[in-house]
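I opened my notebook for a look around this fold, one entry at a time. Here is what I looked up, in the order I went.

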Amino acid sequence: MISPKRLRMRKVLLTVITLFIVTVLSAQTNLKGKKISPDLFGVFFEDINYSADGGLYAELVQNRSFEYSPTDHAGWNPFSFWDYITPGFSYGKISVETSSPINSNNPHYIVLDVENVGHEDKYTGQSGVGLQNAGYEGMVVREGDKYNFSFFGRQLSGNPVSISASIQTPGGKILAEDTISISSQGWEKYSATFLPTESNDSARLVVIATNSGRIALDMISLFPEKTFKNRPNGLRQDIALMIADVKPKFMRFPGGCLVHGDGIGNIYRWKNTIGPVEERKEQKNLWGYHQTAGLGFYEYFLFCEDIGAKPLPVLPAAVSCQNSGGTWRIGGTGQRSLPIDEMDEYIQDVLDLIEWANGPATSKWGAIRAAAGHPEPFNLEYIGIGNEDRITPGFEERFRMIFNAVKTSHPEITVIGTVGPFHSGDDFDKGWKLADELKLQMVDEHYYCQPDWFLTNGHRYDSYKRNSTRVYLGEYASWGNKTRNAIAEAAFMTSLERNADVVSMASYAPLLAKAGFTQWKTDMIFFNNIKACATINYYVQKLFSTNQGDYYFDRVISAGTNDTTLASSCVMDSKTGDIILKMVNAGANAGIFKVNLAGFKTILHDAEKTMLEGDADAEDSLSDPLNVVPVSSSFYVNPKFEYTAPAMSLTVIRIKTKNRVN
Ligand code: AHR
């Protein structure tokens with residue numbers, strides 16, 4: 001919790017910063033700028049499209065804990081994605097068992113019973129009884145990189161059992177190998193480090209018991225040592241870097257529909273996702289696969305900190321997902337409410353999250369965070385409650401209970417409410433009515449529309465009430481990843497800057513998608529096991545986020561026509577002193593913008609121009625990643641000039657001033 005002393009220090013710091021900004025502003029301009037929310041552009045991570053397991057979470061083994069089940073996905077079971085192998089004509093038995101597991105949250109494990117070890121296999125030279133896992137359609141391993149292999153094992157027979165663990169090519173060539181003896185009667189963690197002798201894009205992990213006996217195995221894991229910031233249990237470097245490069249001001253997680261889940265038994269409970277990975281509670285992912293929770297709340301908060309983004313966890317409003325009844329064809333129960341007599345416990349979970357994130361290491365939940373390796377608080381400021389739920393009496397009752405409890409115990413936290421899945425309609429109206437009544441600080445709007453909608457709705461927020469509930473535009477995208485979609489989004493984003501006194505935060509959705517495993521086809525970053533590819537929409541997000549100012553200036557840029565395909569903004573970044581112009585042309589022909597910088601006293605002539613331009617139907621994809629990418633060049637700026645923006649383009653001009661700070 002924030003102490004009064006820290007609060008006073010914060011206030012002093014804020015006054016100093018404000019004074020500094022006012023000095024910079026008045027030194028630079030006669031114009032009156034409008035303050036922009038400092039957290040305007042962020043990202044939204046949802047575990048959809050295999051974004052977590054098999055995606056951002058760097059674990060290479062699929063179903064490492066033998067917890068897959070037919071409720072995750074038709075046909076899946078605890079042995080899915082594993083093969084039973086008996087090289088050298090060995091024989092024995094394999095079974096999935098549940099008595100005395102490592103932890104009751106992680107009930108299934110494997111028992112290998114080796115009866116006879118045969119002759120050496122003619123390809124691998126191996127013999128014994130075991131299992132192999134090819135991860136998420138093959139593991140990518142690189143020569144020279146280290147891989148941490150680990151598992152939990154238990155000796156069940158009278159004698160110890162040796163296992164050979166190896167990384168192999170699909171043809172059985174051994175790239176790295178180690179032997180470990182399992183000699184403990186209780187569960188014990190065993191580990192080894194592998195250094196593959198060559199790179200392979202479709203490797204597998206092979207674990208073989210090589211002498212007669214009986215052993216239990218669980219949590220069989222292969223993790224690259226090279227993760228983002230080298231965090232253990234960390235994130236895939238390339239994807240994490242691509243997100244970090246956006247320099248998001250915040251990150252919302254872990255969903256989306258995933259959060260409120262398929263029925264109340266499936267709603268996301270953050271407490272199940274922290275602590276040692278072998279003790280976390282796994283569950284069905286409502287998007288049709290499995291969540292190991294290896295990427296859990298601790299990892300999400302840490303990632304936010306690592307990339308300088310404020311954490312924005314979303315917790316369910318104690319109701320399940322309205323769409324799970326069929327809208328997204330994901331089966332399920334639709335919106336159901338948690339029984340009222342379970343609400344006290346539920347509300348306590350919400351309050352405990354705040355203590356876990358912000359409490360001192362001496363508090364009950366702060367101590368759990370500290371034990372995980374983070375004694376300092378995570379400085380949580382925002383919590384989302386609910387995700388585009390139907391605003392039913394059942395929802396309202398529960399939302400009010402949660403909101404009142406948080407506001408009473410933690411007035412310093414901004415609770416973000418929800419106003420349905422569309423830009424208008426019944427839930428939207430009811431959600432806003434509730435927000436007005438409760439005087440919510442912020443609500444979460446969502447909309448996915450055609451590019452034309454974004455072009456013709458650029459004035460949406462101009463007429464919103466000022467000094468009232470602010471908007472977090474938590475999910476938006478135009479349907480597609482073509483240039484026309486990205487440029488329509490860019491046009492709309494200039495209106496978010498213009499209205500950043502109403503729209504405090506905005507995030508495109510969804511963020512990640514594994515090619516071939518998507519449930520939602522319009523996404524910001526596509527990846528496979530080998531690489532990640534930015535979409536044109538990604539570049540738009542990145543250009544806005546890395547060129548976000550803190551003051552907006554009207555009437556600096558005007559378009560030559562009243563065409564809705566031309567949009568622009570002018571902002572100042574008072575930290576650097578830079579003036580930033582954004583000009584968007586979503587039309588089929590070149591468009592002219594008139595720029596008047598005369599009100600800025602200290603601009604320099606040398607500026608940097610970055611342009612994103614492409615055919616309306618062009619797309620960047622994993623197989624063709626470089627169709628439309630931003631190109632930077634130097635640009636000579638006069639106090640007044642005309643700029644001709646090519647068809648389907650976004651231009652960002654960053655102008656240095658004499659007040660440049662760095
Ligand atoms: O972003 C994909 C889905 O769209 C989210 O899970 C949900 O909130 C919205 O309907």
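**Entry 1: a three-stranded sheet**

I began with an open sheet of 3 strands in the order 27-30-33, where the pairing is antiparallel. Worth remembering as I go: this is a predicted model. I noted that strand 27 (557-559) and strand 33 (640-645) stand at the edges; each has a single partner strand, so one side of each is left without a neighbour in the sheet. From one strand to the next I found a twist that averages 25°.

Next I checked how strand 30 (residues 591-596) meets strand 33, and the two pair in the antiparallel sense over 6 bridges. To anchor the register, I wrote down that Phe593 stands opposite Tyr643 in strand 33.

**Entry 2: Phe641**

I then picked Phe641, which has its place in strand 33. Is Phe641 buried or exposed? Its relative accessibility is 12%, and the cut-off for buried is under 20%, so Phe641 counts as buried.

I listed its contacts, leaving aside neighbours within four places in sequence: Leu581, Phe593, Lys594, Val595, Leu597, Phe635 and Ile653. Phe593, then, turns up twice in my notes, as a contact of Phe641 and as the residue opposite Tyr643. I also looked up Ser80, which lies 561 residues from Phe641 in sequence and 64 Å from it in space, C-alpha to C-alpha.

**Entry 3: strand 17 and its partners**

I moved on to strand 17 (residues 310-315), where 5 of the 6 residues are buried, so the strand is largely enclosed by the rest of the structure. Which strands pair with strand 17? Strand 14 (residues 250-253) runs parallel to strand 17 and is joined to it by 4 bridges. Strand 18 (residues 382-385) also runs parallel to strand 17, with 2 bridges between them.

For the register, I recorded Met251 with Pro311 of strand 17 as its bridge partner. I paired Val314 likewise with Gly384 in strand 18.

**Entry 4: helix 5 against helix 7**

I turned to helices, starting with helix 5 (residues 343-358) and helix 7 (residues 393-409), whose axes come within 10 Å and cross at roughly 40°. The two helices are therefore oblique to each other, and helix 5 passes helix 7 in a right-handed crossing.

I copied out who makes the contact: Met343, Tyr346, Ile347, Val350, Leu351 and Ile354 from helix 5, and Arg398, Met401, Ile402, Ala405, Val406 and Ser409 from helix 7. By class I have 10 nonpolar, 1 polar and 1 charged residues here.

A handy reminder for reading such lists: an α-helix has 3.6 residues a turn, so residues three or four places apart point the same way.

**Entry 5: helix 5 against helix 6**

I stayed with helix 5 and looked at helix 6 (residues 364-371); their axes come within 7 Å and cross at roughly 50°. This pair is therefore oblique as well, and the crossing is right-handed.

On the helix 5 side I noted Asp352, Glu355, Trp356, Ala357 and Asn358, and on the helix 6 side Lys364, Trp365, Gly366, Ile368 and Arg369. These residues divide into 4 nonpolar, 2 polar and 4 charged.

**Entry 6: helix 11**

My last stop was helix 11 (residues 536-545), with 9 of its 10 residues buried, so this helix is largely enclosed by the rest of the structure. The buried residues I listed are Ile536, Asn537, Tyr538, Tyr539, Val540, Gln541, Leu543, Phe544 and Ser545.

Notes:
Residues numbered from 1 in each chain as written. Predicted model: local features only at pLDDT ≥ 70, side-chain atom pairs only at ≥ 80, totals over all residues. Heavy atoms only, no water. Buried < 20%, exposed > 50% of the residue type's maximum accessible area, 1.4 Å probe, protein only. Pairing = 2+ DSSP bridges. Axes fitted to C-alpha atoms, helices over the stretch in contact; angles between N-to-C directions. Parallel < 35°, antiparallel > 145°, perpendicular 65-115°, else oblique. Left-handed = near helix turned anticlockwise from the far one by under 90°. Contact = heavy atoms within 4.5 Å. Nonpolar A, V, L, I, M, F, W, Y, C, P; charged D, E, K, R; others polar.
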